[in-house]
Amino acid sequence: MLTSVPVFAQEKTGLKPGFQLKPGTARIVLLRPSIKVGAQSTGGMFEPNADWTAQARENIAAALGLAQTSLGNIVGDYVEPGNADPAMLAEYQELFDAVAQSVIEYQFFPGNRLPTKKRDGQFEWSLGADVARLPGLAGADYALFVTTEDHFGSTGRKVLQVFAALARVPVTAGVHKGFAGLVDVRTGELVWLNADLQMGGDVRDAEGAQKRVRQLLEGFPGKPADAPVTAVSAAH
Amino acid sequence: MRWRIAAALTIGMASTPAMAANKVAPLPPYVAAYQPTNVDERGAWMMADEDERHLRDAADVIRDPALNAYVRGVLCRTVGEDRCKSVRLYILRVPAFNATMTANGTMTIWSGALLRLRNEAELGAVLGHEFGHFELRHTLSSFRNRRSGSDLMAWASILVANSGAMQISTIGGFYAFDRAQETSADMIGVRYLATSRYPSAAAADVWDRIMGEADATAIGRHRKANQKYVAGFFATHPTNLARATYLRAAAQEIGDGGSAAADAYRAALAPWLPTFLADQVKLNDFGGSEFVLAQLAADGWTTPLLFARAELYRERGNPRDLVSAAGFYQDAIARGDAPPEAYRGLGLSLLRSQQIEPGKVALRDYLRRKPDAGDAALISTLVDS
């Protein structure tokens, strides 16, 4: 059966050259993850599902809490100060999304690199030094952004896929993509980004969410080399 | 005949909501604090909730409490107190004529619409139309229509040989469905107006002027002015002409009166008028902006309107425009309450019209009136040289 269109030669992780995060040295703040879960209709439309999204939000938060031990650094939730300017934080969330999409588009696809991003081993992206002025990031060293989006193929979509395969038409069922990024709060530099357009793990249940979080944090700088998988699977 | 009666009522009577209500179909019963029920609707509300989080904190939302309270008051007077409680209203600073509604009751109205509307009744017509989308649950039915249509197309593309014609008719169906929704929102909007203190004829007036502006824009850009009655294949809305026509007919049928409250509207918008005008002038739409200004100046040219018109002419910058611009700046200054920038505009227009000395005098006036202006250093180089 034809399950998917060919995967492009794509890189999944970008790390600022030489960047290393020693365990126990940094305080990381997790900004509100952007999580979207739903189904994919027969015709390919996204059908947002509020219950699945609520489950995923809970499961991913729990899984991030578990994974924290393997990151070797404290990860705390972002707490917005009461008198803060919410517009500024909102703008930085949007800016991070835009920068992350640019990295995926113009750095992770080697054939699609911008002229300034062609040098080997280069990873030079930034949100600007003003990130440090964001309210609530005062004691923090790094900000962690997490985004996931899942469209689970509906029964209709899967049946269509079978028939389409018989007719030699490639049809995909399901979209599972996500990315996670780490921004140096003091300089605004994006020091690490991990993006995957075909992620595993069903975020609607706890174990699937743990798998998803492990994949999201793959290549996270500075954790013990083989810690994540063993550490988290040992936890249950 | 009905039209004459309606006109007489408008002049002679303050408000006749009870009488009007007898003539139009009653509004559907309304449930306060509606909660989405099924999986599709809950999903739509979740997406709308996420979008609203972004919108709430967005930089281009106008947060002036007085303006927000005023616009909200017009919404409540149009759709009724219990209905308007379910709406969060955001005023966006976008210089285009538009308003939006999402599944969860997030309403936006854009500053370009506030600039173009003339009175509370017209504002109520626009807000009532958007509320109609919410009350009739249009987001949900549109989503379902598209989903079943795209499901059908997906199967057809595999199972039916040469399914192109069928796909085209299905896609056409999406847009026809959306246009039908717009029409039904228009019609329920007229019903809100009919039961409110505002005259329902205001809904059609809006579209008459929007057509006039579209024609003026087209002529200003050396294109053919053209209003069609029948919408195109990909049109999401009925044409402006069709809307003006059926809204006018519906209002005549209702024949209600009431005050459109133009003075109160002008007074409430006055603090923001210079800002909205400046945004409009920057659109590089000479014909359309001239039309909007002329409409706003129907009762006479005020200082902000004169200043905006002068800026518009100075920006186009033909030699004849600079002469006109200098004249408008002088008219604004003669009224006694012109902003300091009027002197800057006058000076720059005169300098470029080879009237060096009077130009320098005006620029010195500007610097004296606004010594800490951001461009003071730049302007002073023109004065000293």
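A polar contact is a pair of N or O atoms within 3.5 Å; within protein, one must be able to donate a hydrogen and the other to accept it, and residues adjacent in sequence count only if both atoms are side-chain atoms. One such contact, of 2.6 Å, joins the side chains of Asp256(B) and Ser200(B). Welcome to this predicted model, in which local features need pLDDT of at least 70, side-chain atom pairs count only at pLDDT 80 or more, and totals for chains, interfaces and linings use all residues. Residues are numbered from 1 along each chain as its sequence is written, chains are lettered from A and ligands numbered from 1 in the order in which they are written, and side-chain values use heavy atoms, with hydrogens and water left out.

**Chain A**

- Chain A has five helices and eight strands, where helices (H or I, at least four residues) and strands (E, at least two) are DSSP runs numbered from the N terminus.
- Starting at the N terminus, its elements follow the order β-β-β-β-α-β-α-β-α-β-β-α-α.
- Of the 236 residues in chain A, 48% are buried; buried means under 20% relative accessible area, exposed over 50%, and partly exposed in between (1.4 Å probe, protein chains only).
- Among contacts in chain A with a separation of 6 or more, 74% involve residues 24 or more positions apart, a contact being heavy atoms within 4.5 Å.
- The exposed area of chain A is about 11,200 Å², with 55% supplied by carbon and sulfur atoms; accessible areas come from the Shrake-Rupley method with a 1.4 Å probe, and for residues only the protein chains shown count as cover.

**Chain B**

- Chain B contains 19 helices and four strands.
- Its C-alpha trace spans about 75 × 60 × 40 Å along the principal axes.
- Of the 385 residues in chain B, 51% are buried.
- For contacts in chain B with a separation of 6 or more, residues 24 or more positions apart account for 66%.
- About 18,100 Å² of chain B is exposed, and carbon and sulfur atoms supply 59% of that area.

**Nonpolar cores**

- A nonpolar core is a set of buried Ala, Val, Leu, Ile, Met, Phe, Trp, Tyr and Cys residues joined through side-chain atoms within 4.5 Å.
- The largest nonpolar core has 89 residues, and the members that touch the most others are Leu67(B), Val71(B), Ile109(B), Leu114(B) and Leu123(B).
- A second, separate core has 29 residues, including Ala26(A), Ile60(A), Leu182(A) and Phe220(A).
- Beyond its neighbours within four places in sequence, Leu67(B) is in contact with residues including Ile62(B), Ile91(B), Leu114(B) and Trp272(B).

**Where the chains meet**

- On the chain A side, 26 residues are in contact with 21 residues of chain B.
- The two chains bury about 2,000 Å² between them, 67% of it on carbon and sulfur atoms; buried area is the accessible area (1.4 Å probe) that two parts lose on being put together, summed over both.
- Arg32(A), Met45(A) and Pro48(A) supply 25% of the area that chain A buries against chain B, more than any other three residues.
- Three salt bridges are found across the interface of chain A and chain B, a salt bridge being a side-chain nitrogen of Lys or Arg within 4 Å of a carboxyl oxygen of Asp or Glu.
- Asp51(A) forms a salt bridge with Arg42(B), and their closest N and O atoms are 2.0 Å apart.
- Between the two chains, six residue pairs are in polar contact (both at pLDDT 80 or more).
- On the side of chain A that touches chain B, β3 (34-40), β4 (46-48), α1 (50-71), α2 (86-106) and α3 (155-166) each supply at least two residues.

**Residues to look up in chain B**

- Asp256(B), the partner of Ser200(B), lies in the loop between α11 (240-254) and α12 (262-269) and is buried, with a relative accessible area of 6%.
- Ala261(B) lies in the loop between α11 and α12, and has a positive phi of about 55 degrees although it is not a glycine.
- Arg137(B), in the loop between α7 (120-135) and α8 (138-159), also is not a glycine and has a positive phi of about 55 degrees.
- Asp279(B) sits in helix α13 (residues 273-281) and is buried at 12% relative accessible area.
- The side chains of Asp279(B) and Arg93(B) make a polar contact (2.8 Å).
- Lys228(B), in the loop between α10 (202-220) and α11, counts as exposed because its relative accessibility is 51%.
- The C-alpha atoms of Lys228(B) and Leu241(B) are separated by 6.5 Å, although these residues are 13 residues apart along the chain.
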